[in-house]
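Reader: I should like to go through the assignments in this model and hear the reasoning behind each of them. Please begin with the terms on which they rest.

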Amino acid sequence: MNLHNLKPAEGSVKKSAKIIGRGQGSGKGGTATRGHKGAKSRSGYSKKIGFEGGQMPLQRRVPKFGFTNINRKDYKGVNIDTLEAYHAEGRFSETVTVEDLINQGLVYKNDLVKILGRGDISSSLNITAHKFTASAKAAIEKAGGKAEIA
């Protein structure tokens, strides 16, 4: 064994792609394959979200209009004909609360519930919800039930 024929053990050295940015002798020195000038050639470059190379970005080109009220309350509507059908199937008792509607999958647990007046109701149900339309309230009371606001 001499100095001229020394080599590392088999599999201990992994040859990777040509190393860049280590001088002209490497063949990839100077600009280190980044090209000349411009933001992408500089260190610390990161493309900003929505950047389109200096062109006016889409989110600034599209016109904005309207108003979004951050205090708006959205109610999930449930019609009285749905309540009647569920009662006929035996899914609801004589009293229907918001928890019952959640358990039956008609609304989610954080929803505000509004009872709407579509259809007819013949059962006398005591319904508790966050809001009622005038027609729904009238139909429920005409059938002998109660409309209570939770």
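Author: A strand here is a DSSP run of type E with at least two residues. Asn79 lies in one such run, strand E1. Please bear in mind that the model is predicted.

Reader: What makes E1 and E3 a pair of strands?

Author: Two strands pair if DSSP finds at least two bridges between them. Five bridges join E1 to strand E3, residues 112-116, and the two run parallel; therefore the criterion of at least two is met. Among the bridge partners in E3 are Val113 for Lys76 and Leu116 for Asn79.

Reader: How do you know that E3 and E5 are joined, and how many bridges are there?

Author: Two bridges join these parallel strands, and the definition asks for at least two, so E3 and E5 count as paired. Ile115 stands opposite Phe132 in E5.

Reader: Why are E1 and E5 called edge strands?

Author: The open, parallel sheet has the order E1-E3-E5. Strand E1 (75-79) and strand E5 (131-132) each pair on one side only.

Reader: Why is Asn79 called buried or exposed?

Author: Buried means under 20% relative accessible area. Asn79 has 14% relative accessibility and therefore counts as buried.

Reader: What makes the approach of Asn79 to Arg118 a polar contact?

Author: The limit for such a pair of N or O atoms is 3.5 Å. The side chain of Asn79 reaches the backbone nitrogen of Arg118 at 3.2 Å, so the distance lies within that limit. Leaving aside neighbours within four places in sequence, Asn79 is in contact with Leu116, Gly117 and Arg118.

Definitions and conventions:
Residues numbered from 1 in each chain as written. Predicted model: local features only at pLDDT ≥ 70, side-chain atom pairs only at ≥ 80, totals over all residues. Heavy atoms only, no water. Helix = DSSP H or I, 4+ residues; strand = E, 2+ residues; numbered from the N terminus. Buried < 20%, exposed > 50% of the residue type's maximum accessible area, 1.4 Å probe, protein only. Polar contact = N/O pair within 3.5 Å; in protein donor to acceptor, adjacent residues only side chain to side chain. Contact = heavy atoms within 4.5 Å.
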